Structures are given as C-alpha cells and as structure tokens.
Amino acid sequence: MFNKTKTSEFDCIVIGAGHAGIEAAYAAAKIGAKTALITISKNTIAQMSCNPAIGGLAKGQIVREIDALGGLMGLAIDATGIQFRILNRSKGPAVHAPRAQADKYKYSDWMRQTLEQTDNLTIIEAMATEIITEDNKVRAVGCEDGSVYHTQTIIVTPGTFLGGMLWIGSEKWAGGRTGEPPSTKLSQSLKQTGLQLGRMSTDTTPRLDATTCDLDKLQIQPGDEPPIPFSFMTEKINRPQAPCWLTYTNEKIHKLLRDNLHRAPLSSGQIEGVVPRYCPSIEDKVTRFADKKQHRIFLEPEEESIKTIYCNGIFTSMPRDVQQQMLKLLPGTENARIIHYGYAIEYDYCPPIQLKNSLETKMVSGLFMAGQINGTSGYEEAAGQGIIAGINAARKVQNSEPLVLGRDQAYIGVLIDDLLTKGTDEPYRMFTSRAEYRLLLRSDNADRRLTQIGRTVGLVGQQRWEKFQNKLKSIDKLKSYLMNTRSDGSSLWEHLHRPGSPLAESLPENSYVQNAGFDSNVLQAVIIDAKYDGYLAKQQRLVASFKTLENKKIPPELDYNSILHLRSEAKEKLSLFQPGTLAQASRISGITPADITVLQIHLKKYF
C-alpha cells in the first residue's frame with residue numbers, strides 16, 4: 001500500500017521521459033504549469049532505443065511542426081545530428097522530407113540538459129505504478145518507493161514499458177526495452193480506471209561493432225551539402241557529416257530465414273501483439289515479398305565517432321545463431337561482432353478511441369495519453385502527440401479551451417484525428433498519403449502554419465516570434481516586387497507560375513533579391529507559393545467547404561440510439577467512437593453521407 005502522505009503537489013505530472021514525455025513536460029512547464037517528469041533514470045531520457053535518426057517521409061514534416069509550435073525535437077537534432085538529407089527531392093515540395101542521423105548519446109544528453117534547465121519542471125527518478133483517481137478525476141501518481149505526487153493532470157507516455165515482454169527466438173523475459181524493467185503495475189492501474197488495453201509488438205535490429213565491419217567495399221550514402229536544418233531557429237549546420245552505407249540481402253539469407261521461421265516468435269505466433277505492417281521484420285519481408293531477390297539494408301552509425309552500426313532493415317526476432325549466420329552472409333558484415341542482438345518486444349496500449357481530440361481520456365478527467373500507448377510507432381509521431389498533450393494539460397489547469405489542430409493545419413492534426421476516428425489495431429505510422437491537404441502541409445511552411453498558434457498558447461518565445469515576423473515581412477516584400485515587376489508582358493509572379501520557368505533558378509541572382517538580402521528560406525517559400533498558387537487556392541476552397549462540418553460540434557452526452565432514421569450500424573459506430581464534430585463523424589469507417597444528413601437534422605432540431 002502507498003503512504004498517502006503528500007510528498008509534493010504539481011499542476012501536471014508526465015510519466016515517462018521518451019520522445020512523447022519530454023515534449024509534453026517541456027510544453028506544460030513553458031506554458032506555466034508546475035510540472036514533474038517521472039522517469040526510471042535521467043540517463044535514459046530521450047533514448048533512441050530503435051533507429052538513431054529523426055525525420056523521414058511525413059515524419060520530417062511532424063518535426064518541423066513541433067519546432068514551429070515551440071517544441072524541442074528540431075533543435076535537438078540540429079545540435080546533435082551527424083548526417084542530414086532531404087528525401088524525395090526529385091518529387092514535388094509537398095513530399096520533401098528532412099531526415100537526419102543522430103549521435104544518439106549526444107541527443108539524449110542535449111534533451112536531458114535542456115529539461116534540467118527548464119523553469120517549472122522537476123525531474124523525479126522513480127517508477128510510477130498507480131494512477132490515483134477520485135470521482136473519475138486524477139488526483140495523484142503513486143510510485144514504487146511509496147511516494148505520492150498530487151496533481152491536477154497526468155500525461156501517460158510509457159512507450160513500450162507497459163507489460164513489456166522481450167523476445168530473441170525462444171528466449172523470453174520481462175522488460176520495457178533491453179536492460180530495463182517493465183511497468184506492470186501501471187498497466188493494472190490503468191485497467192482499474194476503466195480503460196481498455198490491448199497488445200502490440202515491434203522489433204529492433206542488431207547493433208554491430210563498426211571496427212569489425214568491412215564498410216569500404218560498400219556503397220556510401222553521403223549527407224546533403226550544405227546540410228538543411230530542421231529548426232527554423234537554426235541558421236546553419238557547420239559540422240562535418242558522417243556517411244551511411246548501403247548493402248543488400250541475397251537469396252542465401254532469404255533461404256536461411258525461411259528455414260527458421262518457426263523459431264521467430266513474431267512469425268511463429270508466440271507473440272500475440274499485432275506487429276507493424278509498415279516497419280516489417282526481415283523475416284516478414286522475405287515471406288511477404290517472396291519474388292524479391294534482395295532487400296536494401298542501410299548500415300547507419302549511432303554516434304559521431306562511428307563505434308557502433310545500426311542495421312536499418314534487419315528488424316528481427318530470430319534467435320541469436322540465426323542472426324549471426326545472417327550477418328555472415330550479408331556483404332560488409334561477414335566478420336562483424338554483434339554488440340546487441342535484435343529483439344522483439346510486446347507491450348500494452350490503450351486503443352485511442354477512448355480519447356478526446358485533446359488527448360485527454362473520455363473516462364477520466366485530467367488523464368492524458370501520448371505516444372505508443374495510443375497505438376502509434378515512431379519517435380516523431382510520439383513527440384507530436386506529446387507536445388499537444390502537454391499544451392492541453394496546461395490549458396486544462398488554466399481553464400482554457402484545448403488546442404485541437406485540424407487536418408488542414410498539421411500532420412499532427414491528421415495523426416490525432418486518424419487515431420480518434422479510425423482507431424488502430426496495428427502500430428500507426430504517418431505517411432504523406434494519409435493527408436488529403438498535403439500540399440498545404442509542406443515541411444517548408446510549418447512555421448507559417450503553426451508559429452502563431454504556438455505564440456497564442458504561450459510556447460513560442462519572443463526571439464522566435466521576432467524572427468518569424470521578419471520572415472513574413474520579407475516574403476510579403478518579395479511577393480510585392482514579383483507581382484509589380486513585368487517582363488515580356490507578364491509579371492515575374494506570373495512567370496514563376498509557368499511550368500519549367502527558368503526564373504525560379506535565376507531568382508537568387510536577381511539584383512533586387514541580392515540587394516535586399518533575402519535568405520534561401522524566403523526565396524523557397526515565395527517560389528513554392530507562386531508555382532503552386534492555383535493548386536493551393538483549390539485546396540483552400542476544399543478546406544473552406546468542409547469547415548461547416550468541422551465547426552459543428554456534437555454534444556458528448558448525445559444518445560445516438562434515440563435518433564430516428566439513423567441506421568443501426570451508424571448508431572453502434574457513433575456510440576463507440578463518440579466523435580466531437582460532424583466532420584469527425586463523417587470520417588468514421590462505415591458512416592455514410594446519409595447518416596451525416598440524419599445527424600445534422602437531429603442536431604439542428606434538438607441543439
């Protein structure tokens with residue numbers, strides 16, 4: 001039993017210091033909430049337990065959004081990254097995505113030091129084991145050592161620790177990740193609050209001693225020159241970049257894996273948790289894509305000194321002897337020493353349809369969830385939820401309306417809306433294809449979309465705000481020049497509209513542009529705005545036409561079973577998901593336009 005003596009009192013307590021937890025704690029504290037961050041150890045804050053990288057397709061956009069709101073992830077990777085690339089350069093700007101390899105030890109240290117220096121934030125080393133509630137409201141967090149921390153709001157961000165179970169072949173042991181204990185009592189406590197839990201699973205790759213790898217014979221994948229920062233506050237990155245290396249599996253490896261599928265717990269059915277479809281194990285790839293003779297494997301350094309190598313693409317739960325044989329057959333790793341074997345992990349999560357769009361649970365007032373507990377995968381998806389949960393926990397303490405980002409405002413908005421309206425029975429990963437307004441949600445314009453919002457909620461400081469205002473003034477100034485300067489009977493702005501116009505390439509050499517000193521970010525913003533002006537206007541009209549549904553709220557107490565002419569399936573789905581708006585209701589699988597019409601008529605008549 002816990003000692004119920006009050007040890008401390010906070011406005012907000014964040015449980016877990018992974019990528020969701022650090023953004024949540026930082027946001028809540030910066031907004032003004034007295035915040036505690038409970039973690040087993042300060043040394044594992046922001047640990048990169050999987051890929052030592054930040055960003056990627058759609059994920060890079062999320063990092064830029066976190067940064068624009070005033071969060072930490074973009075600043076952290078700019079300070080500690082060892083290779084920077086923009087993915088999808090050959091395609092349109094809507095899908096350009098920044099990605100960077102990190103020195104994972106420096107990344108963790110940077111985050112820890114930043115949190116330690118943040119006002120209103122206390123880091124507590126403890127194992128949280130109980131959510132204490134009263135009348136369906138949070139009251140405190142109880143810890144393994146008997147301490148109790150009273151609070152108005154709690155944000156649960158446990159990553160893979162809830163009921164965590166690790167597997168390497170037939171080996172099985174309890175753990176949150178390798179070398180750390182699971183959080184079993186917290187799972188039981190969440191169930192006691194009335195929340196439903198499910199099981200998911202994922203896996204990691206082997207880590208290798210870089211000095212034992214034959215990297216010289218492999219294809220080098222260099223970073224971009226010059227490296228493009230993530231954060232809008234970072235002027236430039238001057239550090240030398242580390243290389244990555246590219247290798248390929250072969251038919252001998254595929255045969256080895258197929259012959260041993262019965263020994264892999266993810267493939268043999270020993271693990272009950274649903275596996276990630278979009279980050280499959282190497283044994284799953286070999287099975288699902290049997291016609292492919294090879295698969296790409298990226299060998300990525302985990303630190304600036306390149307002591308260890310992360311085998312991106314060899315996610316596996318195979319036994320140790322199979323992992324050893326596989327690496328002996330892989331070009332470049334024939335003589336590699338394995339430092340850490342790949343393993344699978346199975347863990348508890350809370351199906352996200354139990355959440356409001358603020359990420360507060362519907363059942364318990366003041367209880368918020370963010371990260372893998374909501375069924376997502378990836379550092380970026382976790383951090384995006386974390387900053388929203390932190391903002392909204394602080395705003396609840398301040399009796400302010402929650403911040404809800406729309407699908408037309410941010411990938412973070414798409415992510416949260418998807419979780420609430422579709423749920424997820426497998427680890428959710430963000431893709432650009434999930435966003436219907438992706439031309440509006442580019443990585444280059446995240447600051448223009450979200451900095452004002454970050455300022456309004458109190459997370460964007462004066463320095464960032466002034467820099468942003470100066471950028472907007474420069475964009476307006478350059479647009480005015482282009483619209484009012486004519487060449488060959490058309491304005492320069494009209495010239496930029498035309499496909500294949502050479503003006504986009506020559507604009508940096510324009511005498512007016514050079515004399516005005518516009519930086520590359522301003523030029524990029526104006527060129528993209530001009531090039532896609534018609535398409536952007538069309539998407540904005542679509543957004544406007546849908547705003548009526550987005551703005552029409554549904555009372556949480558609405559009894560769908562009492563609505564005449566609403567189909568039985570619609571009553572069942574709407575009662576289960578409890579959408580906050582008509583637009584959310586329309587995105588629930590199985591809900592038809594006719595159902596929405598019936599619902600609209602009912603709301604007009606009775607509310």
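How many of the nine residues of strand β9 (residues 148-156) are buried? Read on with the close-ups below, and keep in mind that this is a predicted model.

**View 1. Strand β9 and its surroundings.** Here's the answer: seven of the nine residues of β9 are buried, so the strand is largely enclosed by the rest of the structure. Look for β1 (residues 8-15), which pairs with β9 in the parallel sense over seven bridges. To spot one of the matched pairs, find Val-14, whose bridge partner in β9 is Ile-155. Strand β20 also runs parallel to β9, and three bridges join the two. Here Val-156 stands opposite Met-369 of β20. As background, strands of a sheet pair through backbone hydrogen bonds, either parallel or antiparallel.

**View 2. The hairpin of β8 and β9.** Strand β8 (residues 137-143) pairs with β9 in the antiparallel sense, over three bridges. Ala-140 is a handy place to start, as it stands opposite His-150 in β9. Now follow the chain around the turn: four residues sit between the strands of this hairpin, and Gly-146 takes a positive phi near 95°.

**View 3. An open sheet of four strands.** If you trace this open sheet across, the order is β11-β10-β19-β12, with antiparallel pairing. The strands β11 (171-174) and β12 (198-203) are at the edges, and each has a single partner strand, so one side of each is left without a neighbour in the sheet. From one strand to the next, the twist averages 20°. Zoom in on β10 (residues 165-168) and you'll find four bridges pairing this strand with β11 in the antiparallel sense. Ile-168 has Glu-171 of β11 as its bridge partner.

**View 4. Thr-361 in its loop.** Thr-361 is in the loop between β19 (344-349) and β20 (367-369). Is this residue buried or exposed? Thr-361 is buried, with a relative accessible area of 1%, and the cut-off for buried is under 20%. Leaving out residues up to four places away in sequence, Thr-361 touches Leu-195, Gln-354, Leu-355, Lys-356, Leu-367 and Met-369. You've met Met-369 already, in View 1, opposite Val-156.

**View 5. Glu-23 in helix α1.** Helix α1 covers residues 19-31, and Glu-23 lies in it. Glu-23 is buried, with a relative accessible area of 1%. Which residues does Glu-23 touch, not counting residues up to four places away in sequence? They are Ile-66, Gly-71, Leu-72, Met-73, Met-111, Ala-383, Gly-386 and Ile-387. Try finding Ala-46 as well: Glu-23 and Ala-46 are 23 residues apart in sequence, and their C-alpha atoms are 9.9 Å apart in space.

**View 6. Helix α10, from end to end.** Here's a quick check you can follow on α10 (residues 379-397): at 1.5 Å a residue, its 19 residues should span 27 Å, and the end C-alpha atoms are indeed 27 Å apart, so the two values agree. This helix is largely enclosed by the rest of the structure, because 18 of its 19 residues are buried. Just after α10 comes Asn-399, with a positive phi of about 60°.

**View 7. The largest cavity.** How many cavities of 30 Å³ or more does a search of the whole structure find? The search turns up two, and the largest has a volume of about 40 Å³. To find this largest cavity, look for the residues that line it: Arg-407, Asp-408, Tyr-437, Val-543, Phe-546, Lys-547 and Glu-550.

Methods: Residues numbered from 1 in each chain as written. Predicted model: local features only at pLDDT ≥ 70, side-chain atom pairs only at ≥ 80, totals over all residues. Heavy atoms only, no water. Pairing = 2+ DSSP bridges. Axes fitted to C-alpha atoms, helices over the stretch in contact; angles between N-to-C directions. Expected span 1.5 Å × (residues − 1). Buried < 20%, exposed > 50% of the residue type's maximum accessible area, 1.4 Å probe, protein only. Contact = heavy atoms within 4.5 Å. 1 Å grid on protein atoms, 1.4 Å probe; cavity = no way out; pocket = protein on both sides within 12 Å on 5 of 7 lines; lining within 4 Å. Points joined across faces, edges and corners; volume = space filled by probe spheres on them.
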